[in-house]
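Thanks for coming. I will go through one structure today, taking side-chain contacts and a few backbone points in turn.

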Amino acid sequence: NTINPEYFKKCKKKQSRLLITMGGNDEHENTIWLLENISDLLNDFEVFICIGPMYKNKEKIIKLAKSNLDNYKIYNSPNTLIEIVKKCSFSLSASGTTCYELAAARIVMGLFVDDNDQKKLHKKILKEKVGFSLGTFKNRDINLVRKVFRLFKNKNKVDQIKKNEIN
């Protein structure tokens, strides 16, 4: 198993915490798009934003978070997501390798396909019913994102996804 065992440890999480992580570079600026378009939804959560080492617009993310979010914390290029993931019940993420860690930690995922290499994993996650699609960087859809947030608030749906992640 190549996933750090710490991700599998069950811990008490607040239902109102959400992680935004788009990998090392967020090439298509999904984080910025989320902060510009759904801050009203994000403000229902304590938001943890991970900024990767190759992000082009770190300052813009910080500025948008400061002006649009009520309760947030920004992590700049963390060495590991373990301590952050232990706090969160939900995530908005690219469909990259971080998804394995999020699933191991029983995080309910809303996922973008950020490049063509992520399509296969994205489809697998949806097939296994351990996450929701937020579309692709080419066709971001605010209505789809709003629908996923409604699902995040559906306790029965969230509990089912967490069961699927365990199995």
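**Contacts and loops in a predicted model**

I start with Ser 77, which sits in the loop between β3 (72-76) and α4 (82-85). Please keep in mind throughout that this is a predicted model. Ser 77 is not a glycine, yet its phi is positive, at about 50 degrees. With a relative accessible area of 26%, Ser 77 is partly exposed.

Which residue is 5.1 Å from Ser 77 in space, C-alpha to C-alpha, and 24 residues apart in sequence? That is Pro 53. Pro 53 belongs to another loop, the one between β2 and α3 (58-68). Its relative accessible area is 55%, so Pro 53 is exposed.

Lys 129 also has a positive phi without being a glycine, here about 60 degrees. You will find Lys 129 in the loop between α6 (119-127) and β6 (131-136). Is Lys 129 buried or exposed? Lys 129 is exposed, because its relative accessible area is 55% and the cut-off for exposed is over 50%.

Lys 129 brings me to charge on the surface. Together with Lys 147, Arg 150 and Lys 157, Lys 129 makes up a patch of positive charge there. Lys 147 is a residue of helix α7. At 46% relative accessibility, Lys 147 is classed as partly exposed.

Now to the salt bridges. How many salt bridges does a search of the whole structure find? The search finds 7, and I will show three of them.

One is between the side chains of Arg 17 and Glu 46, at 2.9 Å from N to O. Arg 17 is in strand β1 (residues 17-21) and Glu 46 is in strand β2 (residues 46-51), so this salt bridge ties together parts that are 29 residues apart in sequence. Is Arg 17 buried or exposed? Arg 17 is buried, because its relative accessible area is 17% and buried means under 20%.

Another salt bridge joins Asp 40 to Arg 146, with 3.0 Å between the closest N and O atoms. This pair links distant parts of the chain, since Asp 40 is in helix α2 (residues 39-42) and Arg 146 is in helix α7, 106 residues apart. Both partners are partly exposed: Asp 40 has a relative accessible area of 43%, and Arg 146 is at 26% relative accessibility.

The third one I picked is between Lys 124 and Glu 128, whose closest N and O atoms are 3.2 Å apart. Lys 124 is partly exposed at 45% relative accessibility. Glu 128 is partly exposed as well, with a relative accessible area of 38%.

Back to helix α7 for a moment. Asn 143 has its place in this helix. A relative accessible area of 55% makes Asn 143 exposed. Asn 143 and Asn 37 are 106 residues apart along the chain, and 11 Å separates their C-alpha atoms.

Next, the aromatic residues. The structure holds 7 aromatic pairs. One of them is Phe 149 with Phe 152, a tilted pair with 5.4 Å from centre to centre and 55 degrees between the planes. Why are these two separated by about one helical turn? Because Phe 149 and Phe 152 are 3 residues apart in helix α7 (residues 142-152). Phe 149 and Phe 152 are both buried.

Which residues form one aromatic cluster? Phe 149 and Phe 152 belong to it, and the other members are Phe 45, Phe 90 and Phe 132.

Last, the segment before β1, where Pro 5 has its place. Pro 5 counts as exposed, at 59% relative accessibility. The C-alpha atoms of Pro 5 and Leu 41 are 32 Å apart in space, and the two residues are 36 apart in sequence.

To go back over helix α7: Lys 147 lies there, and so does Asn 143. Arg 146 of this helix is linked to Asp 40 in helix α2. Phe 149 and Phe 152 in helix α7 are about one helical turn apart, and both are buried. I will stop there.

Note on methods
Residues numbered from 1 in each chain as written. Predicted model: local features only at pLDDT ≥ 70, side-chain atom pairs only at ≥ 80, totals over all residues. Heavy atoms only, no water. Phe/Tyr/Trp six-rings, centres within 6.5 Å; stacked < 30°, edge-to-face > 60°. Helix = DSSP H or I, 4+ residues; strand = E, 2+ residues; numbered from the N terminus. Buried < 20%, exposed > 50% of the residue type's maximum accessible area, 1.4 Å probe, protein only. Patch = residues over 30% accessible without salt bridge, like charges linked within 9 Å, V, L, I, M, F, W, Y side chains within 5 Å. Areas by Shrake-Rupley, 256 points an atom, 1.4 Å probe, with all protein chains shown as cover. Salt bridge = Lys/Arg side-chain N within 4 Å of Asp/Glu carboxyl O. Lys, Arg positive; Asp, Glu negative; His and termini not counted. Charge placed at Lys NZ, Arg CZ, Asp CG, Glu CD.
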